[in-house]
Amino acid sequence: MPRPTNQGRLVVISGPSGTGKSTICQELLRRLPRARWSISATTRPRRANERQDQNYHFISREEFERMRDAGEFLETAEYLGHLYGTPAAPVRQAVANGEYVVMEIEVQGGAQVARAVPDSIRIFVLPPTMETLRTRLEGRQTESSEQQRRRLAEADGEIGFARDSGCYDYFVTNDIVDRTVDEIMEIIEKETART
Ligand code: 5GP
């Protein structure tokens with residue numbers, strides 16, 4: 001696996017809720033040399049299994065808006081009524097240190113990163129079928145069934161946007177997670193070798 005040279009790379013992973021993005025990102029962080037996780041800020045309430053400043057920086061809407069107005073985010077988006085954003089400073093620092101920065105963000109954010117950091121590697125993860133997505137979402141204990149329904153309803157629009165916007169160069173179907181990660185590692189390897 002080639003290392004990023006003096007300049008690191010941003011690796012953007014997007015896809016509908018329930019496609020297994022988080023598991024994929026964890027595995028990428030384990031496998032990539034010199035990789036760092038981008039911790040997003042969000043106004044969404046913390047789930048029982050999440051840790052402050054580890055999964056997310058859980059902040060108030062006021063604090064989020066202050067940071068946004070001060071230009072502290074690389075990108076921001078609203079998803080199902082909550083704000084999400086990537087603090088820019090840690091990303092810039094890690095890239096300057098020659099690290100891979102792995103970010104899991106939704107598609108509006110992906111489009112902003114495509115504009116702001118054109119050499120980022122942007123990958124969209126698809127579920128094998130919409131039925132699998134529904135089963136996976138329903139199997140999660142972390143959200144109410146109403147929240148699961150809303151997340152599923154978002155999926156079609158997200159997939160359509162990802163395809164039509166041209167912001168994603170790569171689409172991978174997450175059937176067997178190990179194979180998906182192999183595929184993403186190959187993409188990163190190819191992109192790193194190319195530049
Ligand atoms: P969740 O509430 O499930 O943690 O995240 C909801 C959606 O927001 C997911 O698609 C996730 O990838 C996305 N997301 C998480 N952090 C960020 C961020 O910093 N920016 C953007 N644009 N989306 C994010």
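Of the 16 residues that surround the ligand, the nearest are Ser40, Arg44, Tyr56, Tyr84 and Arg151. Keep in mind as you look around that this is a predicted model. The ligand sits in the largest pocket, and here is a quick tour of that site and of the protein around it.

**Polar pairs with the ligand**
- Arg44, one of the nearest residues, places a polar side-chain atom 2.6 Å from an oxygen atom of the ligand.
- Tyr84 is also among the nearest residues, and an N or O atom in its side chain lies 2.6 Å from an oxygen atom of the ligand.
- Glu106 pairs with a nitrogen atom of the ligand instead: a polar atom of the Glu106 side chain is 2.8 Å away from that nitrogen.
- Taken on its own, the ligand has 510 Å² of accessible area, and the protein covers 96% of this.

**Make-up of the shell**
- Sorted by class, the shell around the ligand holds 7 charged, 5 nonpolar and 4 polar residues.
- Two strands to look for are strand 5 (73-79) and strand 6 (82-87), each of which supplies at least two residues of this shell.

**The protein as a whole**
- The protein contains 9 strands and 7 helices.
- Its C-alpha trace spans about 45 × 40 × 30 Å along the principal axes.
- The radius of gyration of the protein is 16 Å, which agrees with a compact globule, because a globule of that kind with 195 residues would have a value near 16 Å.

Key. Residues are numbered from 1 along each chain as its sequence is written. This is a predicted model: local features need pLDDT of at least 70, side-chain atom pairs count only at pLDDT 80 or more; totals for chains, interfaces and linings use all residues. Side-chain values use heavy atoms; hydrogens and water are left out. A residue is near a molecule or strand if one of its heavy atoms lies within 4 Å of it. A polar contact is a pair of N or O atoms within 3.5 Å; within protein, one must be able to donate a hydrogen and the other to accept it, and residues adjacent in sequence count only if both atoms are side-chain atoms. Accessible areas come from the Shrake-Rupley method with a 1.4 Å probe; for residues, only the protein chains shown count as cover. On a 1 Å grid over the protein atoms alone, a cavity is a set of points where a 1.4 Å probe fits but cannot get out, and a pocket is an open set with protein on both sides within 12 Å along at least five of seven lines; lining residues have an atom within 4 Å of a point. A molecule sits in a cavity or pocket if more than half of its atoms lie within 2 Å of its grid points. Helices (H or I, at least four residues) and strands (E, at least two) are DSSP runs, numbered from the N terminus. Ala, Val, Leu, Ile, Met, Phe, Trp, Tyr, Cys and Pro count as nonpolar, Asp, Glu, Lys and Arg as charged, and the others, Gly among them, as polar. The radius of gyration is taken over C-alpha atoms; the globule rule is 2.2 Å times the number of residues to the power 0.38.
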